[in-house]
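Here are a few exercises to work through with the model open in your viewer. Try each task on your own before reading its solution.

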Amino acid sequence: MKVILLDNVKGVGKKDEVINASDGYARNYLLPKKLAVEANVENMNKLNNKKEAANYKKDVEKQKAEELAKKISGIILKIKVKAGENGKIFGGVTAKEISENLKSQYQFDVDKKKIELKETIKTLGDFNVPIKLFEGVVATLRVNVISN
């Protein structure tokens with residue numbers, strides 16, 4: 001019997017997957033516990049519509065991320081910090097500070113987790129910081145760290 005899983009079932013399949021289960025297993029376990037529905041024409045149409053909507057939403061998000069990547073790649077973010085005589089910064093510039101400065105200076109709301117900073121910036125100068133905005137969409141932000 002073909003069924004559409006409504007939830008992840010260990011050893012059987014993942015949510016929204018169409019599987020071929022034995023009649024007894026489907027009727028006595030999957031269907032009564034609302035873990036699956038029968039894969040008839042109506043339910044298959046619902047599943048296809050759900051997948052199309054998810055794909056459309058993903059495409060729209062990717063387009064927005066690509067537009068934001070173009071805008072971010074064209075700017076230079078200036079961050080003012082306190083530094084010693086030899087150009088060493090007191091503390092460091094973190095992904096959180098970069099995110100806050102992007103929001104305050106350019107009104108770009110980028111989550112600090114998306115900023116791929118290998119380690120905190122501890123010296124003055126220009127740095128290229130990659131920002132992973134979406135799956136396959138990476139923007140490179142130029143950060144200019146200057147002394148007060």
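**Exercise 1: The overall layout**

Task: work out how many helices and strands the protein has, and in what pattern they follow each other along the sequence.

Solution. Start with the count: the protein has three helices and eight strands. Keep in mind that you're looking at a predicted model. Next, walk along the sequence, and you get β-β-α-β-α-β-β-α-β-β-β.

Now check the overall dimensions. The C-alpha trace spans about 80 × 30 × 20 Å along its principal axes. The radius of gyration is 25 Å, while a compact globule of 148 residues would come out near 15 Å. As for the surface, the protein exposes about 10200 Å², with carbon and sulfur atoms supplying 48% of that. Of the 148 residues, 30% count as buried.

**Exercise 2: The sheet with S1**

Task: find the strand order of the open sheet that contains S1, and say which strands are at its edges.

Solution. Step one is the order: this three-strand open sheet reads S2-S1-S3, and its pairing is antiparallel. Step two is the edges, where S2 (18-20) and S3 (36-38) each pair on one side only. On average, neighbouring strands here are turned by 40 degrees against each other, direction ignored.

Step three is to zoom in on one pair. S1 (residues 2-5) joins S2 through three antiparallel bridges, and isoleucine 4 has valine 18 of S2 as its bridge partner. Finally, add the helix: H2 (residues 41-73) lies across S1, S2 and S3, and it runs at about 35 degrees to S1.

**Exercise 3: Alanine 36**

Task: is alanine 36 buried or exposed?

Solution. First place the residue: alanine 36 is in strand S3. Its relative accessible area is 3%, and the cut-off for buried is under 20%, so alanine 36 is buried.

Then look at what surrounds it. Leaving aside residues up to four places away in sequence, alanine 36 touches Val3, Ile4, Leu5, Leu6, Leu30 and Leu31. Its C-alpha atom is 6.1 Å from that of valine 3, although 33 residues separate the two along the chain.

**Exercise 4: The sheet with S8**

Task: which strands make up the open sheet with mixed pairing, and which helices pack on it?

Solution. Begin with the order, which is S4-S8-S7 with mixed pairing. S4 and S7 are the edge strands, each pairing on one side only. The twist from one strand to the next averages 35 degrees.

Moving on to the pairing, S7 and S8 are antiparallel over nine bridges, with isoleucine 131 opposite alanine 139 in S8. H2 packs on this sheet and touches S7 and S8, making about 30 degrees with the direction of S8. H3 packs on it too, touching S4, S7 and S8, at about 115 degrees to the direction of S4.

**Exercise 5: The nonpolar cores**

Task: which residues have the most contacts inside the largest nonpolar core, and which element gives the largest share of it?

Solution. The largest core has 25 residues, and Ile98, Leu133 and Leu141 have the most contacts inside it. Elements giving two or more residues include H2, S4 (76-81) and H3 (95-106). S8 gives the largest share, with five residues.

Take leucine 141 as a test case: beyond four places in sequence, its contacts include Ile72, Leu77, Ile98, Leu102 and Phe127. Apart from this core lies another, of nine residues, among them Leu5, Val9, Leu30 and Ala36.

Notes
Residues are numbered from 1 along each chain as its sequence is written. This is a predicted model: local features need pLDDT of at least 70, side-chain atom pairs count only at pLDDT 80 or more; totals for chains, interfaces and linings use all residues. Side-chain values use heavy atoms; hydrogens and water are left out. Two strands pair if DSSP finds at least two bridges between them. Helices (H or I, at least four residues) and strands (E, at least two) are DSSP runs, numbered from the N terminus. Axes are lines fitted to C-alpha atoms, for helices over the stretch in contact, and angles run from 0 to 180 degrees between N-to-C directions. Contact means heavy atoms within 4.5 Å. Buried means under 20% relative accessible area, exposed over 50%, partly exposed in between (1.4 Å probe, protein chains only). The radius of gyration is taken over C-alpha atoms; the globule rule is 2.2 Å times the number of residues to the power 0.38. Accessible areas come from the Shrake-Rupley method with a 1.4 Å probe; for residues, only the protein chains shown count as cover. A nonpolar core is a set of buried Ala, Val, Leu, Ile, Met, Phe, Trp, Tyr and Cys residues joined through side-chain atoms within 4.5 Å.
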